[in-house]
Amino acid sequence: MEQVFDRREFILGFVAASFGTLAVRQGSATAASGAVLDQPWAVWAKDAKPVRGGYFRIAAGQYIGKMNPNHWPVLDWVSMGYFHEKLMLTDGSYNATVAWLAEQLTWENPQQVLMRLREGVTFHDGSTFDAESVKFQIDWIRDPTSKTWDVSWLAPLDSVDIVDKQTLRWKFKTPWASFAGVVSNVPGYVMSEKALQADAAKYDSQPEGTGPYIVEEANPGNFLKLKRNPNWWFAKASNNPDMPYFDGILVTVIPDPAVRLANLRAGKIDVLTLEKSQYAGVKSDPEFQVYRIPGNHVNALRFNTAKGVFQDLRLRKAVSHAIDRQALIAGTQFGLARLASCIYPADHWCHNPDLKPVNYDPDLSKRLLSEAGYSGGLSVRGYYNNTSMGQTIAEAVKSMLAKVGIDWQVDVLAPAAVAARMQAVDYDLAEGGWVFIYDPDLMATGLYHPAGGFNFGRSKNETAIALIEAGRKEVDREKRQSIYWQLEKVLYDSYEDAWLWWEETAVAYRQAVQGLDLEGYLKYKEAWFWSHPLWFKDGKA
Amino acid sequence: MFRYIGVRLMHSLVILALVTVLVFVIAQLIPGDAIMAAMAGNVDMHDAQVVARVRHQFGLDQPILVQFAVWLQHFVRGDWGTSIGTGENVLQMFLHRLPITLELFFGATLWAVAIGIPVGIVGALKRNSALDMFLTAGTIVGVSIPAFWEAIVLIYLLAVVFPIVPPSGYIPFGEHPLLNLRAMLLPTFVLGTHSGGLLARYVRSSLLEVLGQDYIRTARAKGLSERAVVVRHAIKPGMIPVVTVIGLSWGGMLAGAFFVEVIFAIPGLGRMGVEAIFQRDFPVMQATLIVVSLNVLLVNLSVDILYGYLDPRVRVRA
């Protein structure tokens with residue numbers, strides 16, 4: 001059984017990087033707020049008959065690492081989401097409009113937000129979630145002695161003040177359009193004040209969140225066992241006292257993808273994100289429910305526009321039109337990808353729908369090379385990562401470029417070496433792209449602003465930079481969306497990079513797993529997932 | 001004998017000191033560090049401030065010599081530092097994973113001995129027969145088959161098609177002995193196959209050499225049965241070179257454990273070492289390589305001592 005459903009992104013969406021904006025206008029109240037049962041994403045199918053019981057078994061490529069989300073490194077954000085919850089969640093278009101532990105946000109002005117917190121929420125250690133606990137946590141993150149890696153994300157924050165037991169006022173140094181996005185991201189995971197005060201270092205291995213599951217046993221490098229949280233606030237708020245339905249979750253570390261699949265086939269795990277090469281062999285297997293997931297990652301080739309031949313727009317254009325994206329998707333991605341027009345995926349709220357993917361036109365590429373004075377051929381240098389997929393893509397692109405007379409001398413390197421080359425801007429054309437595209441500013445700044453951590457001076461498009469800076473300050477959603485549409489158009493017209501595809505992944509579930517709903521997911525993504533816990537048929541794995 | 005052991009011990013200490021320096025130099029020669037490895041694919045590392053903060057936290061912004069001196073000073077005091085990749089205490093990681101890898105090694109050695117010695121003996125006694133040729137072919141397959149391929153095929157065969165053993169995972173012996181043995185059956189077999197094949201080759205040739213000795217001819221001339229000749233006079237001296245092979249195979253097993261533990265999701269030292277290398281996790285990389293070197297040195301030392309015990313001529317030369 002095959003469906004198109006973004007389960008993996010949905011899970012990842014809860015925990016991974018996101019910056020978003022509120023669906024609010026300045027001075028108005030609010031993103032979706034109020035009682036849980038009033039929310040459109042909280043609606044259940046009438047024929048759903050969830051039952052309790054069983055341990056849900058998941059395979060992870062790596063052990064989670066630290067379980068305080070603010071301490072580096074965290075290697076498994078999927079698991080993190082089962083025991084920690086965030087103040088805000090993102091919606092179906094990756095926009096942070098869904099009020100979760102923050103019941104309501106009100107923009108008093110572009111530099112001030114009033115946040116009302118949900119009542120009746122308790123941490124796993126029994127302490128109460130309230131304004132004081134959130135203020136303590138935010139101040140703790142900002143305290144240099146806490147050694148939090150994400151402190152700079154809160155740089156625009158001036159102060160967090162307690163208004164009453166359930167209300168906070170957030171004051172910013174400058175207009176901060178990404179605020180809701182930040183609190184739907186790592187700094188927005190709520191942590192027990194009691195636990196942090198008792199022993200912040202211990203929190204790395206013994207977290208106390210509010211999530212549907214509680215850490216029961218942590219065996220580094222081997223497994224993480226979680227047990228059901230019988231006091232999960234959402235179960236009470238949504239009149240579903242049996243939520244979450246599984247008795248617990250067992251996350252086993254299995255590094256090898258082929259062995260992960262063997263475990264799924266042997267019935268030892270209940271869900272698996274498939275390698276693309278595994279998809280064809282599993283999609284028609286009656287033992288599984290297989291879903292295709294439109295992901296929020298973009299794959300691209302990055303140009304060095306600061307020095308070298310790709311300062312010339314004609315040559316960037318020649319490269320971009322020499323790549324047969326359809327063939328790449330079919331040949332290297334096993335068909336699991338969507339043609340990309342620019343940086344934001346088609347289902348992202350900042351995607352400019354007027355832009356079409358660059359067409360394959362090798363004759364145009366040859367003409368452009370000739371016009372630029374390279375009719376005899378062009379030689380460029382670059383790198384790609386050394387995964388088997390990376391090597392395949394690099395070889396395929398190299399071959400396509402060779403057909404128009406471009407000799408891409410591509411080095412296939414380990415991740416650390418890739419980072420070293422990127423940092424040194426030691427390339428003409430190299431692997432690019434971005435993963436987890438939520439708030440539009442994170443990727444835009446990262447790739448195209450001089451301050452961006454993935455730029456290092458390789459891109460200096462002044463119009464794009466001005467738009468990125470404007471986007472950071474604009475708190476009106478529609479105006480902000482318009483800014484990012486313009487930004488996409490500017491990047492697209494200047495062939496700032498060669499965007500190839502937006503990711504798609506495939507996830508296989510054993511038939512015993514119930515509660516999956518394509519329509520609900522696509523509409524509300526993260527909000528739907530966390531409000532619709534899965535269960536086992538008959539309560540058994 | 002004590003002088004002999006002392007000399008070998010001194011050699012080992014000198015080698016260990018050289019390995020310590022070499023490990024650090026090699027680690028520095030690899031491009032990039034742990035933070036760069038993380039940056040390459042992790043959106044967490046999206047700004048320079050984050051990178052600088054994390055790098056400072058792990059002392060990676062210090063000059064190399066300072067890093068080395070600090071690391072060495074802490075290492076010899078038993079403070080092996082904190083893993084950059086997982087945030088765990090490195091010494092604790094080792095103490096936690098060492099018994100798992102040792103179990104894997106002992107299990108693999110048992111397989112190697114169980115396969116290698118009988119096959120080698122039968123091969124020698126039935127020299128050039130069809131059975132010998134069959135066993136020889138089998139040992140060559142055992143030596144040359146890529147372990148990762150063997151592992152995947154066996155997993156699909158014995159865990160998916162005929163579900164006799166679990167596909168992967170580790171359960172401590174103390175927690176559930178039977179499940180532990182079931183879980184370790186395939187990994188130990190895969191790891192032991194190569195050594196088993198090698199051992200069989202050595203046993204066969206060593207035994208053939210012994211069987212051609214004058215004293216064996218004398219034993220036969222005395223009218224002893226072939227069984228008595230082999231059991232009483234041939235097998236024991238024929239096993240002396242086998243000690244070396246078993247010792248050497250421990251070094252090889254360490255290399256094998258690196259991928260057997262990854263494939264079978266066994267949280268041992270091998271997998272920890274592989275992950276550390278990919279993550280440029282210097283504290284774990286350095287500690288792993290030193291422990292690996294120490295293991296090889298100790299095994300070689302043990303073999304030397306055992307050799308000295310078994311063959312007095314070795315002691316005299318030393």
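In this predicted model, L413(A) has its place in strand 16 of chain A. The residue counts as buried because 21 C-beta neighbours lie inside 10 Å of it, where 20 or more are needed for a residue to be called buried. When residues up to four places away in sequence are left out, L413(A) touches Y383(A), N385(A), N386(A), V418(A) and R421(A). One of these contacts, N385(A), is also the residue for which L413(A) serves as bridge partner in strand 16 of chain A. A contrasting separation is found with F83(A), which is 330 residues away along the chain and whose C-alpha atom is 36 Å from that of L413(A).

The pairing of N385(A) with L413(A) belongs to a wider arrangement, in which strand 15 of chain A, covering residues 378–385, is joined by eight bridges to strand 16 of chain A, covering residues 406–413. The two strands run parallel, and together with helix 12 of chain A, residues 388–404, they make a right-handed β-α-β unit.

Chain A as a whole contains 17 helices and 20 strands. Its radius of gyration is 24 Å, close to the 24 Å that the globule rule gives for 541 residues, and the chain is therefore as compact as a globular protein of that length. Taken along the principal axes, the C-alpha atoms of chain A fill a box of roughly 75 × 55 × 45 Å. Of the 541 residues in this chain, 56% are buried. Among the contacts of chain A with a separation of 6 or more, 74% are made between residues that stand 24 or more positions apart.

In soluble globular proteins, nonpolar side chains tend to be buried together. The largest nonpolar core in the present model has 225 residues, and the members that touch the most others are M88(A), A102(A), L272(A), L429(A), L500(A), V507(A) and A508(A). The largest share of this core, amounting to 13 residues, nevertheless comes from helix 8 of chain B, which covers residues 177–211.

Helix 7 of chain A, formed by residues 257–265, is mostly covered, with seven of its nine residues buried. The buried positions are V259(A), R260(A), L261(A), A262(A), N263(A), L264(A) and R265(A). The elements that cover them come from both chains: chain A contributes, among others, strand 2 (55–60), strand 12 (271–274), helix 8 (276–282) and strand 18 (497–510), while helix 7 (147–161) and helix 11 (240–263) of chain B are also included. Just after helix 7 of chain A, G267(A) takes a positive phi of about 75°.

K227(A), which lies in strand 10 of chain A, residues 223–228, gives an example of another level of exposure. With 17 C-beta neighbours inside 10 Å, K227(A) is counted as partly exposed, because this class lies between the limit of 12 or fewer for exposed residues and that of 20 or more for buried ones. Apart from its neighbours within four places in sequence, K227(A) is in contact with Y213(A), I214(A), E216(A) and G248(A). The C-alpha atom of K227(A) is separated by 46 Å from that of A327(A), a residue 100 positions away along the chain.

Chain B has 14 helices and zero strands, and of its 318 residues 40% count as buried. In this chain, residues 24 or more positions apart account for 73% of the contacts with a separation of 6 or more.

The confidence of the prediction was examined for each chain and for the model as a whole. Chain A has a mean pLDDT of 90, with 94% of its residues reaching 70 or more. Over residues 1–32 of chain A, however, the pLDDT is below 50, although this stretch has 136 contacts in the model beyond near neighbours in sequence. Chain B averages a pLDDT of 83, and 90% of its residues score at least 70. Among the elements of chain B, the lowest mean pLDDT, 58, belongs to helix 2 (residues 34–41), and the highest, 93, to helix 7. The pLDDT stays under 50 over residues 41–45 of chain B, a stretch for which the model has 12 contacts beyond four places in sequence. For the model as a whole, the scores are ipTM 0.79 and pTM 0.85.

Terms used:
Residues numbered from 1 in each chain as written. Chains lettered and ligands numbered in written order. Predicted model: local features only at pLDDT ≥ 70, side-chain atom pairs only at ≥ 80, totals over all residues. Pairing = 2+ DSSP bridges. Helix = DSSP H or I, 4+ residues; strand = E, 2+ residues; numbered from the N terminus. Right-handed = clockwise from strand over helix to strand, strands pointing away. pLDDT = per-residue confidence, 0-100. Contact = placed C-beta atoms within 7 Å. Rg over C-alpha atoms; globule rule 2.2 N^0.38 Å. Core = buried A, V, L, I, M, F, W, Y, C linked by C-beta atoms within 7 Å.
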